[in-house]
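User: I'm new to reading protein models and would like to learn how the labels are justified. Could you walk me through this one?

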Amino acid sequence: MTVPAKVKLVEVGPRDGLQNEKQAVPASVKIELVHRLQAAGLTEIEVTSYVSPKWVPQMADNAEVMAGIARSSSVRYSVLTPNMQGFEASIAGPQTTWPDEIVVFAAASEAFSKRNINCTIAESIERFRSVVAMAKEKNIKVRGAISCTVGCPYEGEIAPANVKMVAQLMKEIGVQHIGVADTIGVGTPVKVQRAMEAALSVYDTNDISGHFHDTYGQALGNTLRCLEMGIWQYDTSIAGLGGCPYAKGATGNVATEDVVYLLHGMGIETGIDMDKLIDAGQFISDFLQRPTNSRAAKALMNKKAGLMAMQNDTTQRPEGVQRVADFLQKAGHSHQPVMLDDAARTAQQAADALGVELGQIAKSIIFRRKSDDAAVLVITSGDKRVDEAKVQALVCEGTAKLGRADADFVKSKTGFTIGGVAPVAHLSPPVTSDRQRAVQISNHLGRGRTSACGV
């Protein structure tokens with residue numbers, strides 16, 4: 001299976017995610033959410049919409065939110081502008097508060113278009129013509145969203161030909177990028193593929209993104225199918241926030257955390273820090289006073305909570321984990337190890353399981369010092385390679401040499417199999433030890449002269 005090496009996510013939680021919330025979300029909370037999302041590595045954030053507060057009161061503070069964001073030069077900030085009035089409002093303030101990109105939208109369903117914006121598909125596109133032209137004149141990018149591309153709450157199933165027609169109309173008026181949206185979440189991989197193929201007959205792969213709701217639990221499957229098609233851009237929503245005020249029964253957008261978990265598990269680069277992303281989701285979920293809708297976030301938070309509980313309860317630690325805790329303490333580290341449940345895991349697999357960075361995983365290697373048959377335990381951060389020459393210089397005298405320890409040697413010196421100790425993670429990477437520190441913790445394994453150092 002060939003998939004993109006890198007994927008870009010457009011975070012739509014602050015706009016598409018919050019627009020349907022009945023309780024008022026203050027501008028300060030929205031601004032903080034944007035700050036947390038960009039700190040997590042999101043480089044595309046859909047912030048708000050310039051619509052009538054009569055229809056979407058949650059977005060009435062749009063100007064305040066845009067003015068309050070501490071912008072990052074690496075982030076593109078977009079807003080929804082359904083008409084010229086909305087676009088003019090989006091650029092009414094100082095240029096520093098203007099959006100980098102606007103979003104216009106049209107449905108692939110005539111019924112949905114009439115219920116949503118009270119006009120036909122053709123009429124909606126014509127309304128956007130002047131908006132698109134004005135945005136380009138102001139050097140503001142234009143993204144188009146095609147809603148209800150596989151199903152409509154009023155019409156039922158939507159033919160791919162409808163998607164192609166709307167894509168052609170958008171391209172004709174100058175829309176630079178389109179998103180293919182399963183607005184009510186009824187799509188399956190086969191249906192989504194057909195809709196995406198229709199869009200690809202008009203736009204290049206680099207100018208198309210997927211937008212999937214998870215009403216029937218199909219969003220990740222639809223994402224995977226589109227990855228196989230080469231699509232590398234997707235709209236996602238932090239904590240699975242969202243819905244559509246005009247699409248009855250539609251649940252939230254696919255959770256950003258779930259998509260990132262999928263992508264990272266496939267070895268696909270996103271530039272997103274999962275820990276910070278989960279923190280952002282928890283921040284808005286706490287404000288809304290309900291659990292996150294992200295299954296990945298729930299699982300990772302539960303696992304971390306359980307591991308932290310084990311970390312604090314030393315009576316539950318196997319002997320091997322406790323030995324590493326003692327080593328780290330003697331080496332001057334205040335953090336404690338937490339046990340992993342599978343000794344066969346690689347450092348990267350362990351990091352993924354814990355939801356931590358690779359550099360927070362300790363790897364342990366046992367060497368044999370040939371001069372006195374001592375065991376030398378080396379603990380290193382997971383993102384570093386062991387420099388055997390450096391280890392030898394730290395723990396060997398003169399011409400003494402290090403040798404690789406075989407299973408029998410390790411078993412005789414430590415009581416454990418190859419690896420020496422159970423796999424552990426730590427809360428911050430170990431520092432490099434010097435010779436004096438290595439000597440200070442010699443003999444700690446308790447069976448012959450031993451040393452330990454971090455490299």
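User: Which residues does M59 touch, leaving aside those up to four places away in sequence?

Analyst: In this predicted model, M59 touches P14, R15, L18, Q19, K30, T48, S49 and V51. To count as a contact, heavy atoms must lie within 4.5 Å. One of these partners, S49, is 10 residues from M59 along the chain, and their C-alpha atoms are separated by 6.1 Å.

User: Why is M59 called buried?

Analyst: Buried means under 20% relative accessible area. M59 has 1% relative accessibility, so M59 counts as buried. As for its place in the chain, M59 lies in the loop between β2 (44–49) and α3 (62–68).

User: R15 was among the contacts of M59. What makes R15 and E46 a salt bridge?

Analyst: Let's check the distance. The cut-off is a side-chain nitrogen of Lys or Arg within 4 Å of a carboxyl oxygen of Asp or Glu. The closest N and O atoms of E46 and R15 are 2.6 Å apart, so the pair passes the 4 Å limit. E46 sits in strand β2 and R15 in helix α1 (residues 13–17), 31 residues apart, and the pair links distant parts of the chain. Both E46 and R15 are buried.

User: How do you know that R15 and D16 also form a salt bridge?

Analyst: By the same kind of check. Their N to O distance is 3.8 Å, and the limit is 4 Å, so this pair counts too. Both R15 and D16 are buried.

User: Why is the salt bridge of E44 and R76 said to tie parts of the chain together?

Analyst: Their side chains meet at 3.5 Å, N to O. E44 lies in strand β2 and R76 in strand β3 (residues 76–80), so the pair ties together parts that are 32 residues apart in sequence.

User: Are E44 and R76 buried or partly exposed?

Analyst: E44 has a relative accessible area of 6%, which is under 20%, so E44 is buried. R76 has 25%, which falls between the 20% and 50% limits, so R76 is partly exposed.

User: Which residues are joined into one network by salt bridges that share partners?

Analyst: The network joins K8, R15, D16, E44, E46, R76, E101 and R143. Over the whole structure there are 16 salt bridges.

User: And how many of the chain's residues count as buried?

Analyst: Of the 455 residues, 51% count as buried. The chain has 17 helices and 16 strands.

Notes:
Residues are numbered from 1 along each chain as its sequence is written. This is a predicted model: local features need pLDDT of at least 70, side-chain atom pairs count only at pLDDT 80 or more; totals for chains, interfaces and linings use all residues. Side-chain values use heavy atoms; hydrogens and water are left out. Helices (H or I, at least four residues) and strands (E, at least two) are DSSP runs, numbered from the N terminus. Buried means under 20% relative accessible area, exposed over 50%, partly exposed in between (1.4 Å probe, protein chains only).
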